[in-house]
Amino acid sequence: MTIPAQFYLILAAVLFFIGVFGFFTRRNLISLLISTELMLNAVDINFAVFNAYSHPEHLEGFFFTMFGIGIAAAETAVAIAIIINVFRNAKSIHIKNLLDLKH
Amino acid sequence: MEMSTNLLIFSGLALLMAAAAIAAVTTSRIMRAVTYLLFVLFGTAGLYFMLHYTFLGAVQIIVYAGGIVVLFIFAALLIGKGIIDVTHTSKLRYLAGVLASMSGLAIALYLIVNTTFITDKFTTDGVPMTVVGSALMGTAKHNYVLTFEVLSILLLACMVGAIMIARKK
């Protein structure tokens, strides 16, 4: 007897929407990136759970999670490079000060 | 007996992850937010171990907890003083955020609870390392060598791009 798959899915949904909440309310580029990581992480949990509970004979979800982790690493590296560059040019990473791309 | 132990471990992990995630999006100090994110990532690795995907758990700890969190700490320390003022926006926007995430969560929970998933095939066998390796490097059906190679080129391009963007002029 094991834990029902729904428990994992509920936990992943809760984590995802905590990330959404952070994305809406945070005003700082690094905090926004942390919220994005929370959302990506929740999606990865869903892939692994569906693979383990519905199709353990194939490994699609397993490898989707693995490649998702790799792409998250790439995305974070580039995003942090961009944030550092923005900070160097604008002297701030608070969103309300970053209006140069607006016009 | 086994069920109750599993359930105990799962509830502990779930509570830790939810609490750490809420703390990560509400704390005003960026270093604390990164540390709470680290707890969430470790909890996710624990979930993968509970699914008997030990390789995935190891990848999660190495890449996410070991790599990405270090990048965050690096950025936080490099940017330094400009980063401490993590402030929330106006009350209206805060309420809008609460409303949007709560309604989204309600819809997702409703769907999860009211849908019948075919989830009776769970085994505790896990995935042997040889299966992972041959699927990752094989060229047959349900093998992923092309994705693996594309991902490695993407990582290389990201590395070069990140250095180009972030270096001093």
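This dialogue discusses how to read the helices, core and chain contacts of a predicted model.

Reader: How many residues of chain B are in contact with chain A?

Author: Contact here requires C-beta atoms within 7 Å. On that basis, 76 residues of chain B are in contact with 63 residues of chain A. The elements of chain B that give two or more residues to this side are α1 (2-26), α2 (30-50), α3 (54-79), α4 (91-114) and α6 (145-166).

Reader: Into which kinds do the residues on that side of chain B divide?

Author: There are 56 nonpolar residues, 16 polar ones and four charged ones.

Reader: Where does the largest share of the largest nonpolar core come from?

Author: In soluble globular proteins, nonpolar side chains tend to be buried together. The largest nonpolar core in this model has 66 residues, of which L15(A), A48(A) and A24(B) touch the most other members. At least two residues of the core come from each of α1, α2 (29-54) and α3 (60-90) of chain A, and likewise from each of α1, α2 and α3 of chain B. The largest share, 14 residues, is supplied by α1(A).

Reader: How many residues of α1(A) are buried?

Author: Of its 21 residues, 17 are buried, and α1(A) is thus described as mostly covered. This helix, residues 5-25 of chain A, reaches 31 Å from its first C-alpha to its last, close to the 30 Å expected.

Reader: With which residues is L15(A) in contact, leaving aside its neighbours within four places in sequence?

Author: L15(A) is in contact with L38(A), N41(A) and A42(A), and also with M17(B) and A21(B) of the other chain.

Note on methods. Residues are numbered from 1 along each chain as its sequence is written. Chains are lettered from A and ligands numbered from 1 in the order in which they are written. This is a predicted model: local features need pLDDT of at least 70, side-chain atom pairs count only at pLDDT 80 or more; totals for chains, interfaces and linings use all residues. Two residues are in contact if their C-beta atoms, placed from the backbone, lie within 7 Å. Helices (H or I, at least four residues) and strands (E, at least two) are DSSP runs, numbered from the N terminus. Ala, Val, Leu, Ile, Met, Phe, Trp, Tyr, Cys and Pro count as nonpolar, Asp, Glu, Lys and Arg as charged, and the others, Gly among them, as polar. The expected span of a helix is 1.5 Å times one less than its number of residues. A residue is buried if 20 or more other C-beta atoms lie within 10 Å of its own, exposed if 12 or fewer, and partly exposed in between; C-beta atoms are placed from the backbone. A nonpolar core is a set of buried Ala, Val, Leu, Ile, Met, Phe, Trp, Tyr and Cys residues joined through C-beta atoms within 7 Å.
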